[in-house]
Every structure is written in structure tokens, then in C-alpha cells.
Amino acid sequence: MAKGPTPGHGPLTGVRVVELAGIGPGPFAAMLLADLGADVVRVDRPGGAGLGIDPAYDLTNRNKRSVVLDLKSDEGPARVLDLVERADILVEGYRPGVAERLGVGPEACLARNPQLVYGRMTGWGQDGPLADRAGHDIAYIALTGTLSMIGRPDEPPTVPANLVGDYAGGSLYLVIGVLAALQHARTHGEGQVVDAAIVDGAAHLATMIHGMLAAGSWQDRRGANLLDGGCPFYGTYATSDGGHMAVGPLEGQFYAEFVRLLGIADAFPDRWDLARWDELRATVTERFLTRTRAEWTEVFAGTDACVAPVLSLTEAPHHPHLAARSTFVEHGGRTQPAPAPRFSATPVSVRTGPALPGADTEAVAADWDVPGLRPTPRD
């Protein structure tokens, strides 16, 4: 007899997380934990985060709850420590030393809760010559060499939004780190500090490339390699209507299918003849310009040619495959990516919209047994 799903909201049901409000990778990491079922309480500051984004549209605060505390007041840090005493994980994204000055640094928190996992999210890390400098995603991936790989060889490096640094090199590594540390804490009763730096994560993402570089199979310049657009059968091509197709048939059998459907099967018998790559690219470019994106999508549909249309953010949710998998969902009238990955026994979902600052104070005070969160009645 098959078992039903485990009660709760996901595999992290029962895990309590305190998030000290910030911007960028910290909130996204806390959203990942919330999506997986953790009870994430975001400690918002009076007046908001400072970027002017309407909290009702900040999807990175979905599945969370919010209280407002002024950490510069006499009572603010004490209330955070009350929450910490009952938490499993804390996430903060201040510059090094700021949490300590506010009275909610690792020493104070671990003294209150020795099993706490204290997650620190920064760009430069907790130490090093740049640790106390301001920065953003683009600077972090620039110094690691990651940015240098992206873009055409005759143009400046292409900025990949803030996905590679903030979220891939930052948020995802913080989540991996705090969950690993949580496992250790539950096994050994010992909390610890997790120092997640975007420079570390962004560098780590390129591990395979560094191996290829050492082996002599990767050139240290963009647009000259197999996976960076230098290869004519791994890149993007414009169509007659201004759209684009993404091409990636690296394996021989997939490439044979690709050139057959493109109509150039006999033109280049040796695709690994690098001396003719520019000629091959020109031919592929010319062929794709003869039809629209929709027409080429139909040509390659249902094949193993490894070709796909380049869809926009608003087009993507309507693609039949993504729609069938519910890769995007609608909640509160807003289309958004669904939680990922998926779990057979502990399914996850978008349970609530973005937590509005301070909206959950009473509920958190009751659920976490922190009566001091409630406003003091005035005479």
C-alpha cells in the first residue's frame, strides 16, 4: 500500500529560520528554505530595505512571515535573541562586523543557542582585503574570472543579470552550507557559522572549466571554446522575424540530426575542423535567417537535435512542457516560478504571497512563544 505525503509543507517542515532582512542573495536563500517547508520569520527593519520595491511584489518573500524590529533600539536585539533561542538557522547579509555591532552576531546568538546554524551571506566573505568594501554581483563575478567567459570575443563581457553571482554563487551555496551545518548540529549538538561568499561560490561554479584549462582544452578567452559560444554548434542564432534559436547538439548523433533538419547535412563532413568553424557558423546563420522562430521550432519539434526557441520571461510559462510540469504557478494573481526541486514524499508549494513587513507579529509571538514581540500597550 502506497504511503501518502508526510504532513507539512515540505522536507524542512519543523525547521525554524530567522532571516535578518537584507537584499539580493540573503532573501532568496531564505525563500528557498521557506519553499522547502521551513518556518521562516523575516525580521524587517522600520522603513523597509531601502530599494523602494513594493513588498507586495517581492516574490523572494513568499512562504515567509514578517515581524518588524528596530535593531538599533534597546529592545530590538533582545527580541531577535529571543527568536534565535527557538530557531535552528539564522540568515544575515550584513557587511562583516555589522551584526556584531548590533548585538546579534555569532557570539551572542550561539551563546543563547549553542546548536544554532548562523548563515552569513556576503559578496567578498568575512575576511580578506576586500571584506569590508561595498560591492554587487557584477564585481564579484568579475574578480573570479567567471564574467570574463561570457559574451562575444569582440565585445565587452555580457552581464548575465545577477543570476550567476547573487543566486548561483551566493544563495545556493548558503543554502547548501546551512543545511549541511544543520545536519551536523542535529547529529552532534554543535552549531557553527557558515561563511558563504559570492566570490567563493562563483569561483567554485567554474571548477570543470579550470580542469579543462589545465588540460589544454579550454582557452582563457571568451568566444573561443566549446561551451562559451565559440563553437558554431553551441550557441544562438537569429531567425527571420527577429527571434532566436538555441543550438547545442554536441554529441555526434544529435549533430547529425541537427544538420539534416537544418538542410546542410553534406556541407561540412568534419565538424571538428576548427579552421572551418567560421564558415560553418556563417552557413548556420544564413539558414536560420530563412524562417521564423515558430517555423524552426516546428522543424525541430520532437527530435534529438538539441535545438530550442529562446523564449522571453513572459513567454516561458506558456511553453507546453513547462505548463505540463507546472514549472510556473500562479498565486495571488502573480505568475512565478514554482518551488524546486520536487519531492515524492514531502511535496512543496507556494503557500503564501510575499510577507508584508510586520504583518505576522502576533502569530509569530504566539507560535514561537516570544511574547515580547507584541507591542507594549500605551496608557
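Six strands form an open sheet in this predicted model. Their order is β3-β2-β1-β4-β5-β6, and the pairing is parallel. Strands β3 (64–68) and β6 (192–197) lie at the edges, each pairing on one side only. From one strand to the next, the twist averages 20 degrees.

At one end of this order, β3 pairs with β2, which covers residues 39–44. The two strands run in the parallel sense and share five bridges. Within this pair, Arg42 has Ser66 of β3 as its bridge partner. Helix α7, residues 198–205, packs on the sheet. Helix α7 touches β5 (117–122) and β6. The direction of α7 makes about 65 degrees with that of β6.

A helix pair was examined next. Helix α1 spans residues 25–35, and helix α6 spans residues 163–188. The two pack at an angle of about 50 degrees, and their axes are 9 Å apart. Helix α1 is therefore oblique to α6, since the angle is neither under 35 degrees nor within the range of 65 to 115 degrees that counts as roughly perpendicular. The crossing of α1 and α6 is right-handed.

Helix α1 contributes Pro25, Phe28, Ala29, Leu32 and Leu33 to the contact. On the α6 side, these meet Asp166, Tyr167, Ser171, Leu172, Leu174, Val175, Val178 and Leu179. By class, the contact of α1 with α6 has 11 nonpolar residues, one polar and one charged. Asp166 is the charged residue and Ser171 the polar one.

A further open sheet has three strands in the order β7-β8-β9. Here the pairing is antiparallel. The edge strands, each paired on one side only, are β7 (235–238) and β9 (307–309). The twist in this sheet averages 25 degrees from one strand to the next. Strand β8, residues 244–247, pairs with β9 in the antiparallel sense over three bridges. Ala246 stands opposite Ala308 in β9. Helix α11 (residues 293–300) packs on this sheet and touches both β8 and β9. The direction of α11 makes about 30 degrees with that of β8.

For the protein as a whole, 13 helices and 11 strands are assigned. The C-alpha trace spans about 85 × 50 × 45 Å along its principal axes. The protein has 379 residues, of which 40% count as buried. Among contacts with a separation of 6 or more, 67% come from residues 24 or more positions apart.

Technical notes. Residues numbered from 1 in each chain as written. Predicted model: local features only at pLDDT ≥ 70, side-chain atom pairs only at ≥ 80, totals over all residues. Heavy atoms only, no water. Pairing = 2+ DSSP bridges. Helix = DSSP H or I, 4+ residues; strand = E, 2+ residues; numbered from the N terminus. Axes fitted to C-alpha atoms, helices over the stretch in contact; angles between N-to-C directions. Contact = heavy atoms within 4.5 Å. Parallel < 35°, antiparallel > 145°, perpendicular 65-115°, else oblique. Left-handed = near helix turned anticlockwise from the far one by under 90°. Buried < 20%, exposed > 50% of the residue type's maximum accessible area, 1.4 Å probe, protein only.
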